[in-house]
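Dear colleague,

Please find below the structure that I am handing over to you for examination. My findings follow it.

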Amino acid sequence: AGAAALGLAGVASVARAPPAPARGRPGLLQHVAGLVAVHDGKCGTVEEGDPCYFSINWAKTDGIFQHPEWYPGLEASAPIEEFQYVLFKSKAENCTKSPPCEMEELKKKVDARKKAAEDEAKKPTPPPPPPGPREQTFYMYRAQSKASYPLENVNTADLAGVFWYLHQEIIVATPRKYSIDRIKRYKVTMKNTWEFWNAHKRQFSAFVAYDAGGCTTPVCKDIYHQYGFVVGCQVQPLSVAMYLGRHQTNWQCRAGEDACRAPIWYALPGPCPAKGLPNGEIDPDSTEVDVNKYKTPECIERMPGGLCPKGVDKPTGAPDCTYTYEDAGEILLDDLVGIEDYNDFWNASYIRCMKQKGTGELPEDAECRHKKEYDVKTDKGVGTDFWNGKLDKDKCTERLDKARKLFKAKFPQFPEHLEEPPCEFDMYYDGEFKWNVNHSHAPHSEWWAQRMEG
């Protein structure tokens with residue numbers, strides 16, 4: 001399981017972000033709130049389906065990440081009542097009749113946060129972090145089957161990237177390709193090597209493709225031999241699917257463009273990455289494949305990959321300790337899409353319909369249709385509308401928000417969102433893999449003396 005399965009591997013309507021406030025017209029909060037109906041004036045918590053919910057939901061799930069300065073005294077984790085309070089007090093056109101209850105208590109909480117933020121802003125600005133590889137913690141995701149294996153020699157993605165992959169590669173087939181039925185989430189901490197930083201002055205290396213436990217990109221051997229087992233990344237094009245991150249994910253864009261929040265894929269090097277299964281032995285639908293079949297003990301010892309040894313909580317930036325991870329939960333695609341029984345959805349329901357026509361339980365002119373999650377030709381599903389609109393930014397955002405909410409509901413102990421660092425790899429330079437390795441500032445490691453080709 002690898003690139004073939006990125007192997008990688010919210011529900012309320014979300015509008016396109018309104019323009020920022022400007023002279024001579026209502027501010028942002030007034031503009032957004034003007035899209036909903038008027039409340040009856042009674043105090044209460046605004047819930048999904050109620051007036052003003054649209055505005056509050058957009059502010060909480062998108063607005064505060066894109067423009068936190070528009071929401072003084074709030075943070076994304078604040079209760080919906082506090083967002084309701086801020087919109088109400090801002091005199092948003094149609095939210096002026098949607099007061100929350102316990103106004104004084106909400107005012108105290110919002111004002112306290114606002115004052116704390118103001119006090120924090122008055123503190124001396126800390127010096128920028130010193131140059132060099134940084135320790136960075138964020139979520140990675142995989143679209144996966146019920147198979148379970150370590151997060152090594154695999155490709156992963158941010159949330160936008162895993163949806164990009166699902167929409168482009170997996171749900172286009174019925175049944176879904178590679179038996180993929182879930183999205184797994186991992187909390188990853190990474191720190192690449194000084195050897196790589198000294199050559200590139202970047203946090204991420206290049207993306208390389210993995211399949212069945214092996215790296216299929218020819219330059220893999222050169223990268224890992226020269227720099228150690230560095231984590232790589234790659235930005236995916238929005239021309240395929242309009243899934244956007246909440247923050248800037250790359251610098252290959254003009255400021256403010258959607259392309260600045262394009263999806264990301266990652267590459268996590270594991271043991272003996274040059275020795276995956278050959279193509280003739282790969283069964284992408286199997287959950288019992290031994291991807292380490294051709295990895296010798298010597299190769300595993302001398303080329304252990306970037307996952308830090310057991311007992312090491314944080315990556316050191318040594319060539320064989322560039323990342324750690326913990327399982328942060330999984331959600332099933334059926335739960336996300338709203339399918340009670342996937343086999344019945346795509347298969348049994350059609351057979352049952354045909355039988356009922358044959359027995360007269362259904363009229364002869366009744367139409368029996370093969371249901372499918374997504375049809376590339378129509379850009380719609382049959383029997384579900386969850387995946388409709390692959391290039392519709394608002395609908396793609398709705399799907400991402402729903403996934404975040406489902407993760408939060410199932411695994412409340414984890415933050416709903418962690419900001420992913422930008423993918424800023426530039427390029428490999430001509431002849432660089434023949435350069436002398438620059439170990440300046442790097443922790444001492446015996447690995448360099450034992451490394452092997454592959």
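The notes below concern one helix and two loop residues.

The model is a predicted one. Helix α11 covers residues 393–410. At 1.5 Å a residue, its 18 residues should span 26 Å, and the end C-alpha atoms are indeed 26 Å apart, so the expected and modelled lengths agree. At the start of α11, a side-chain oxygen of Asp392 comes to within 3.0 Å of the backbone nitrogen of Asp394. Asp394 is itself buried, and the buried residues of this helix also include Lys393, Arg399, Leu400 and Phe407. The partners against which the buried residues of α11 pack are α2 (53–66), β1 (136–144), α5 (159–170), β3 (182–190), β9 (323–332) and α9 (333–337).

Pro133 is located in the loop between α4 (103–122) and β1. Its relative accessibility is 10%, and Pro133 therefore counts as buried. Beyond its neighbours within four places in sequence, Pro133 is in contact with Lys191, Asn192, Thr193, Trp194, Trp197 and Gln203. The C-alpha atoms of Pro133 and Gly317 are 7.5 Å apart, although 184 residues separate the two in sequence.

Lys295 belongs to the loop between β8 (264–268) and α8 (297–302). With a relative accessible area of 6%, Lys295 is buried. A polar atom of the Lys295 side chain lies 3.1 Å from the backbone oxygen of Pro271. Pro271 is also among the contacts of Lys295 outside its neighbours within four places in sequence, as are Asn153, Gly213, Cys272, Pro273, Lys275, Gly276 and Ile300.

With kind regards

Technical notes. Residues numbered from 1 in each chain as written. Predicted model: local features only at pLDDT ≥ 70, side-chain atom pairs only at ≥ 80, totals over all residues. Heavy atoms only, no water. Helix = DSSP H or I, 4+ residues; strand = E, 2+ residues; numbered from the N terminus. Expected span 1.5 Å × (residues − 1). Buried < 20%, exposed > 50% of the residue type's maximum accessible area, 1.4 Å probe, protein only. Contact = heavy atoms within 4.5 Å. Polar contact = N/O pair within 3.5 Å; in protein donor to acceptor, adjacent residues only side chain to side chain.
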